[in-house]
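Me: I am new to this structure and would like to learn how to read its pockets and the surface beside its DNA. Could you take me through them slowly?

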Number of protein chains: 2
Amino acid sequence: MDSKLKIKYQMRAELIKALAHPTRLFIVDELAKESKCVCELTEMIGDDMSTISKHLSILKSAGIIESEKRGTQVYYKLKMQCVLNFFMCVETMIQEHLKEQMKIIEGKGKS
Amino acid sequence: MDSKLKIKYQMRAELIKALAHPTRLFIVDELAKESKCVCELTEMIGDDMSTISKHLSILKSAGIIESEKRGTQVYYKLKMQCVLNFFMCVETMIQEHLKEQMKIIEGKGKS
DNA sequence: CCATAATTTGCCTTATTTGCCAAATATGAC
DNA sequence: GTCATATTTGGCAAATAAGGCAAATTATGG
């Protein structure tokens, strides 16, 4: 593959990888509603605060969320709203895929 | 976090993970143009055919692409067109992010 | 300056992903 | 049947990602 093309897809993959984790997806959904600090997200999710902080850092370096310091707290908010459209696409895919798998299971009796 | 919510985000993450690889993103883009067999994709990408086959299998089990056997060959095509909208969103994010980073680099002289 | 709270960073261990090779499987031609 | 071609599968080593803990950092209030 051409090296410029390679870089293009590497950059895309980097960004998508930032979304490819359940906790980070939850965070994006929450920050779509309203901005939240690390401690609030930590409370909601229940992992170690350092873990949440690292997830936030991954999302931030990908440019998906942004942060703002308020006193001793850091508030994060969603920056790229267009990911929310993608989530709808993802939900559709999941549902259609489940439907198909159900059909396969149901029809498994026939030879 | 609630266990139902957890499952929801795990499923989303599974699907997104299937997209989170440069080769697989290239494949999706190619299959969006027209259906291709494993050997054609292998030729274009240059990795081992078994590697390409595994990438295709990951995309297929996620429900993103589908396959059809023609003689001894297997043709794959894109199933979920909506991922293409997302790629536009991704491209926008990447460009805006690069612009910002350029600003930071340019303005680094000031204290 | 000291104490406290919020956040980030570094280190470490474990789990997952990747990609190649070789072997197995499937299909069609002869 | 055998042979050649296309594809998938299994196994394994290297690379990458995840998450917890402790230490470092930052800002605030006395």
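Me: Which residues line the largest pocket?

Reply: A pocket is read through the residues that surround it, and in this predicted model the lining of the largest pocket draws on both chains: A:Met11, A:Glu14, A:Leu15, A:Lys17, A:Ala18, A:Ile58, A:Ser61 and A:Ala62 come from one, and B:Ile94, B:His97, B:Leu98 and B:Gln101 from the other. The volume of this pocket is about 270 Å³.

Me: Which elements supply at least two residues of that lining, and where does the largest share come from?

Reply: Once the residues are known, they can be traced back to their helices. Here helix 1 (3-19) and helix 4 (49-61) of chain A each supply at least two residues, as does helix 5 (82-106) of chain B. Helix 1 of chain A gives the largest share, with five residues. Sorted by class, the lining holds seven nonpolar, three polar and two charged residues.

Me: What lines the second largest pocket?

Reply: The reading follows the steps used above. Chain A contributes A:Ile94, A:His97, A:Leu98 and A:Gln101, while chain B contributes B:Met11, B:Glu14, B:Leu15, B:Ala18, B:Ile58, B:Ser61 and B:Ala62. Two or more residues of this lining come from each of helix 5 (82-106) of chain A, helix 1 (3-19) of chain B and helix 4 (49-61) of chain B. The space in the second largest pocket is about 200 Å³, and its lining counts seven nonpolar, three polar and one charged residues.

Me: Turning to the DNA, which residues come nearest to DNA strand C?

Reply: There are 22 residues around DNA strand C, and those that come nearest are A:Cys39, A:Ser53, A:Lys54, A:Tyr76 and B:Lys54. Of the strand's atoms that come within 4 Å of the protein, 66% belong to sugar and phosphate. By class, the residues of this surface are six nonpolar, nine polar and seven charged.

Me: Which atoms of DNA strand C lie beside B:Ser50 and B:Thr51?

Reply: It helps to ask which part of each partner is involved. For B:Ser50, a polar side-chain atom lies 3.0 Å from a base nitrogen of DNA strand C, whereas for B:Thr51 a polar side-chain atom lies 3.1 Å from a phosphate oxygen of that strand. With A:Val74 the protein partner is a backbone N or O atom, 3.1 Å from a phosphate oxygen of DNA strand C. The elements giving two or more residues to this surface are helix 3 (38-45), helix 4 and strand 3 (73-78) of chain A, together with helix 4 of chain B.

Notes
Residues are numbered from 1 along each chain as its sequence is written. Chains are lettered from A and ligands numbered from 1 in the order in which they are written. This is a predicted model: local features need pLDDT of at least 70, side-chain atom pairs count only at pLDDT 80 or more; totals for chains, interfaces and linings use all residues. Side-chain values use heavy atoms; hydrogens and water are left out. On a 1 Å grid over the protein atoms alone, a cavity is a set of points where a 1.4 Å probe fits but cannot get out, and a pocket is an open set with protein on both sides within 12 Å along at least five of seven lines; lining residues have an atom within 4 Å of a point. Grid points are joined across faces, edges and corners, and a volume is the space filled by probe spheres set on the points. Helices (H or I, at least four residues) and strands (E, at least two) are DSSP runs, numbered from the N terminus. Ala, Val, Leu, Ile, Met, Phe, Trp, Tyr, Cys and Pro count as nonpolar, Asp, Glu, Lys and Arg as charged, and the others, Gly among them, as polar. A residue is near a molecule or strand if one of its heavy atoms lies within 4 Å of it. A polar contact is a pair of N or O atoms within 3.5 Å; within protein, one must be able to donate a hydrogen and the other to accept it, and residues adjacent in sequence count only if both atoms are side-chain atoms.
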